[in-house]
Amino acid sequence: MQKVVLIGANGQLGSELDKIFFDHDLIPLTHADLDIADAKGIENVLGQHSPDLILNTAAYHRVDECEEFPARAYEVNALAVRHLAQWSKAHQAVLLHFSTDYVFDGCLRRPYPEADPPAPLSAYAVSKLAGEYFIRAIHDRHFIIRTCGLYGIAGSSGKGGNFVETMLRLATEGKAIRVVDDQVLTPTSAKELARKVRQLVETGAYGLYHITNDGACSWYEFAAAIFELSGLKPRLEPTTSAAFGARANRPAYSVLDNANLRVLGLDDLRHWRDALADYLDDRSRVRIQM
């Protein structure tokens, strides 16, 4: 049994990883337990637990805010990750870290395998890519996982929210809902991602991996599917990225190809619509229990 430290344990991905690594000696850490931007805190907390495996889900991921506070983005998404990599190497721990589809600019209009060169468009994306490079430069025993359009049950219980929950909330307000139709992605279930992470860790095949559900859609199509599967009929209207006017540039196409996962015979994630239906069922059960 490995000793596993899970950083960001109460987030939507962290909550799912907490469940899937239940049979390990798991130490779940929230931001109150460890601020990864605090280098001394990393030394003290990780030194106290001496993990064999570190799962890092912590990030500064408010994409538009990162444009205003790029130094903070770099501090959390790059320098803090560098500290984790240094500690992991020095103490012979495996480091598993999560990155983003936003490292690509979306110009190719076809799924991006891991071998494609990144071309980040925003401060957030640059900071996440820098974190990747620090890990790869410092520590061989690592997993870097890029994912896309993530949503999880913890987001439905008030711990940060997600796109699905935002759409369901807006549907109750009776106003027109405008969602961009010119950004294509793959919505990905945190539950399915966590299951795949567990399988990947057990292979010991270190490296860079894309892990998303199957298929692709625009954010508008994602919203339409949420309402369809929920039996809701709000006023949903497509809009463009230019009209929406977000501060940070986002790739127009950021569908990932799980190429390295496929080499291991592990690329069996479900279509995004099936995973979404499962999420909505889980969400209903959670709310009934509450």
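1. Leaving aside its neighbours within four places in sequence, with which residues is leucine 276 in contact? In this predicted model, the list for leucine 276 is Tyr151, Val164, Phe222, Ala225, Ile226 and Leu229. Neighbours within four places in sequence are left out of that list.

2. Leu276 also belongs to the largest nonpolar core, which has 32 residues. It is one of the members that touch the most others, together with Phe163, Val164, Met167, Val179, Phe222 and Ile226. At least two residues of this core come from each of helix 6 (163-171), strand 7 (177-180), strand 8 (184-185), helix 8 (219-230) and helix 11 (272-289). The most is given by helix 8, with six residues. A second core of 30 residues is separate from this one, and its members include Ile27, Leu29, Val76 and Tyr124. As background, nonpolar side chains in soluble globular proteins tend to be buried together.

3. Charged pairs come next. The count of salt bridges comes to 20. Side chains of opposite charge can pair when their charged atoms come close.

4. One salt bridge joins the side chains of arginine 198 and aspartate 23, at 2.9 Å from N to O. Arginine 198 is in helix 7 (residues 190-203), while aspartate 23 is in the loop between helix 1 (12-20) and strand 2 (25-29), so this pair ties together parts that are 175 residues apart in sequence. The two partners should be described separately when it comes to accessibility. Arginine 198 has a relative accessibility of 14% and counts as buried, because the cut-off for buried is under 20%. Aspartate 23, with a relative accessible area of 33%, is partly exposed.

5. Arginine 250 and aspartate 64 meet through their side chains in a salt bridge of 3.0 Å, N to O. Arginine 250 sits in the loop between helix 9 (241-244) and helix 10 (259-263), and aspartate 64 sits in helix 3 (residues 63-68), so the pair links parts that are 186 residues apart in sequence. Arginine 250 is partly exposed at 23% relative accessibility. Aspartate 64 is also partly exposed, at 25%.

6. The loop between helix 9 and helix 10 also holds arginine 247. Its side chain forms a salt bridge with that of glutamate 68 (3.0 Å, N to O). Glutamate 68 is in helix 3, so this pair ties together parts that are 179 residues apart in sequence. At 47% relative accessibility, glutamate 68 counts as partly exposed.

7. Helix 7 can be checked for its length. Its 14 residues, at 1.5 Å a residue, should span 20 Å, and the end C-alpha atoms are 20 Å apart, which agrees. At the N-terminal end, serine 189 acts as a cap, with a side-chain oxygen 3.2 Å from the backbone nitrogen of lysine 191. Just after the helix, glycine 204 has a positive phi of about 70°.

8. The buried residues of helix 7 are Ala190, Glu192, Leu193, Ala194, Lys196, Val197, Arg198, Leu200 and Val201. Charged residues are thus part of that list, with Glu192, Lys196 and Arg198 among them. Glu192 is linked with Lys191, Arg270, Asp278 and Asp282 in a network of salt bridges.

9. Glutamate 16, in helix 1, is another buried acidic residue, with a relative accessibility of 7%. Apart from neighbours within four places in sequence, glutamate 16 is in contact with Ile153, Ala190, Lys191 and Ala194.

Key:
Residues are numbered from 1 along each chain as its sequence is written. This is a predicted model: local features need pLDDT of at least 70, side-chain atom pairs count only at pLDDT 80 or more; totals for chains, interfaces and linings use all residues. Side-chain values use heavy atoms; hydrogens and water are left out. A salt bridge is a side-chain nitrogen of Lys or Arg within 4 Å of a carboxyl oxygen of Asp or Glu. Helices (H or I, at least four residues) and strands (E, at least two) are DSSP runs, numbered from the N terminus. Buried means under 20% relative accessible area, exposed over 50%, partly exposed in between (1.4 Å probe, protein chains only). The expected span of a helix is 1.5 Å times one less than its number of residues. A polar contact is a pair of N or O atoms within 3.5 Å; within protein, one must be able to donate a hydrogen and the other to accept it, and residues adjacent in sequence count only if both atoms are side-chain atoms. A nonpolar core is a set of buried Ala, Val, Leu, Ile, Met, Phe, Trp, Tyr and Cys residues joined through side-chain atoms within 4.5 Å. Contact means heavy atoms within 4.5 Å.
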